[in-house]
Amino acid sequence: MRITISVIGRFHLFNLAQQLLKRDYLEQLITSYPKFEVIKYGIPRNKVSSVIIKEIIERGWGKLPGFLKKVYNPQYFIHQIFDMLASFRLKKGADIVIVSGLHTLKKAKKFGAITIGERGSSHILYQNKILKEEYEKFGVKIKPFMLPHPNIIEDELKSYEEVDYISVPSSFVRRTFLEYGISENKIIQVPYGVELTSFKQLSKEDDVFRVIFCGGMSLRKGVHYLLQAFSELNLPNSELLLIGSITDEIRTFFKKYEGKFRRIGHIPQNELYKYYSQGSVFVMPSIEEGLSMVQLQAMACGLPLICTTNTGGEDVIEEGKSGFVVPIRDAEKIKEKLLYLYENPKICRQMGQSAKNRVTSGFTWNNYGEKMMKEYERILNYNKKL
């Protein structure tokens, strides 16, 4: 079979491209990344079609004065430009095309290919609703880029109807699509993976009970609930380590809990394992996302996971054995699970090793590739029978 991928940026689809390449299934990779960046991921130059105008516009926009950014939201324009140019570069010959929007979708159908939409987050209407609720709950004024652009929502909903299949990474995402009326038969569910050569466990160098979060700190990520939980516990010989950038919308919480945490900025992917290995537990308190890959990475480094129902983590952990799943927006439940692990250090370490064993024996990128290839074979065989 021949598979083409069209993706704005990189996300997990470069990992998919690598898996396809191993099996000689990759027909073409269309991306906004320049070719010299793509080949660093082992993708041959002749397989890559680059539409870098998206990156140029987006990065140029980021350098403009703040007042100009409030006047116009280019989110939809950037998406349309990429998708239109990607459709021009789309070559005939693929059996399956992972599309980036309506333009590539229509072109792929014209070529007679089976079309798949990749959705890394929940159904866009669910995502929009729950994020809006969170901003309103804390009185945050909604600015451009904080919610999906209305025209992107409209196009995405059309895409859900017109694509042959929608690929999602978790049961949580699947549930949101079913809730909004998408047929079960249209959904492909395969969890993402972790690169074990990059995420390996080192020996912990101290006896501090260290709670780790990694990611962009925003209301969507639910970091404010973790800050509240850890602060109220006030455990001796403990530390909350936050890794990543911080958004303006959540700065008031950081001021409120100042002195109760340690925050460091962005850490390169190939350095994260050093920080994870010095942790005791990893917490992902998001109110919405598809399958946060940092969860898998932390587990590979020997950390038990506390996650919400809306992170995709429920598909990865074994409840009570390698981690715990808690409701969204529930600082009390986070406190309960943290306290249990703090008071039972031996069990905490055992759960961390169970978490490591869990991802190394079923959630690598090779596992992801094997599962995805089976799904592609299944839908190709089904369509041949029609």
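## Exercises on a predicted model

In this predicted model, 7 of the 8 residues of helix 13 are buried, so helix 13 is largely enclosed by the rest of the structure.

**Exercise 1. Find which residues of helix 13 are buried, and what covers the buried residues of helix 13.**

Step 1. Go through helix 13 residue by residue and apply the cut-off for burial, which is under 20% relative accessible area; the buried residues are Val294, Gln295, Leu296, Gln297, Ala298, Met299 and Ala300.

Step 2. Look next at what surrounds these residues: the cover includes strand 8, strand 11 and strand 12 (305-308), together with helix 12 (272-276) and helix 15 (345-360).

Step 3. Follow the chain just past the end of helix 13, where glycine 302 takes a positive phi of about 90 degrees.

**Exercise 2. Work out the strand order of the open sheet of 7 strands, and state which helices pack on the sheet.**

Step 1. Read across the sheet from one side to the other, which gives the order 3-2-1-4-5-6-7 with parallel pairing.

Step 2. Identify the edges, which are strand 3 (48-50) and strand 7 (187-189), each of them pairing on one side only. Neighbouring strands of this sheet are turned against each other by 20 degrees on average, direction ignored.

Step 3. Take one pair in detail: strand 1 (residues 3-7) and strand 2 (residues 26-31) pair in the parallel sense over 5 bridges, and serine 6 stands opposite isoleucine 30 in strand 2.

Step 4. Add the helices. Helix 9 (residues 171-179) packs on the sheet by touching strand 6 (165-168) and strand 7, and the direction of helix 9 makes about 170 degrees with that of strand 7. Helix 16 (residues 365-385) also packs on the sheet, where it touches strand 1, strand 4 (96-99), strand 5 (114-118), strand 6 and strand 7, and its direction makes about 145 degrees with that of strand 5.

**Exercise 3. Describe the salt bridge between arginine 174 and glutamate 184, and then the one between glutamate 289 and lysine 221.**

Step 1. For arginine 174 and glutamate 184, the closest N and O atoms are 2.0 Å apart. Arginine 174 is in helix 9, while glutamate 184 is in the loop between helix 9 and strand 7, 10 residues apart.

Step 2. Compare the accessibilities with the cut-offs: arginine 174, at a relative accessible area of 17%, is buried, whereas glutamate 184, at 42%, is partly exposed.

Step 3. Turn to glutamate 289 and lysine 221, whose side chains meet at 3.1 Å, N to O. Glutamate 289 lies in the loop between strand 11 (281-284) and helix 13 (293-300), and lysine 221 in the loop between strand 8 (209-214) and helix 10 (223-233), so the pair ties together parts that are 68 residues apart in sequence. Both glutamate 289 and lysine 221 are buried.

**Exercise 4. Is glutamate 55 buried or exposed, and which residues does glutamate 55 touch?**

Step 1. Locate glutamate 55 in helix 3 (residues 53-62).

Step 2. Check its relative accessible area, which is 9%, so glutamate 55 is buried.

Step 3. List the contacts, not counting residues up to four places away in sequence: glutamate 55 touches Gly9, Ser32 and Tyr33.

How values were computed
Residues numbered from 1 in each chain as written. Predicted model: local features only at pLDDT ≥ 70, side-chain atom pairs only at ≥ 80, totals over all residues. Heavy atoms only, no water. Pairing = 2+ DSSP bridges. Helix = DSSP H or I, 4+ residues; strand = E, 2+ residues; numbered from the N terminus. Axes fitted to C-alpha atoms, helices over the stretch in contact; angles between N-to-C directions. Contact = heavy atoms within 4.5 Å. Buried < 20%, exposed > 50% of the residue type's maximum accessible area, 1.4 Å probe, protein only. Salt bridge = Lys/Arg side-chain N within 4 Å of Asp/Glu carboxyl O.
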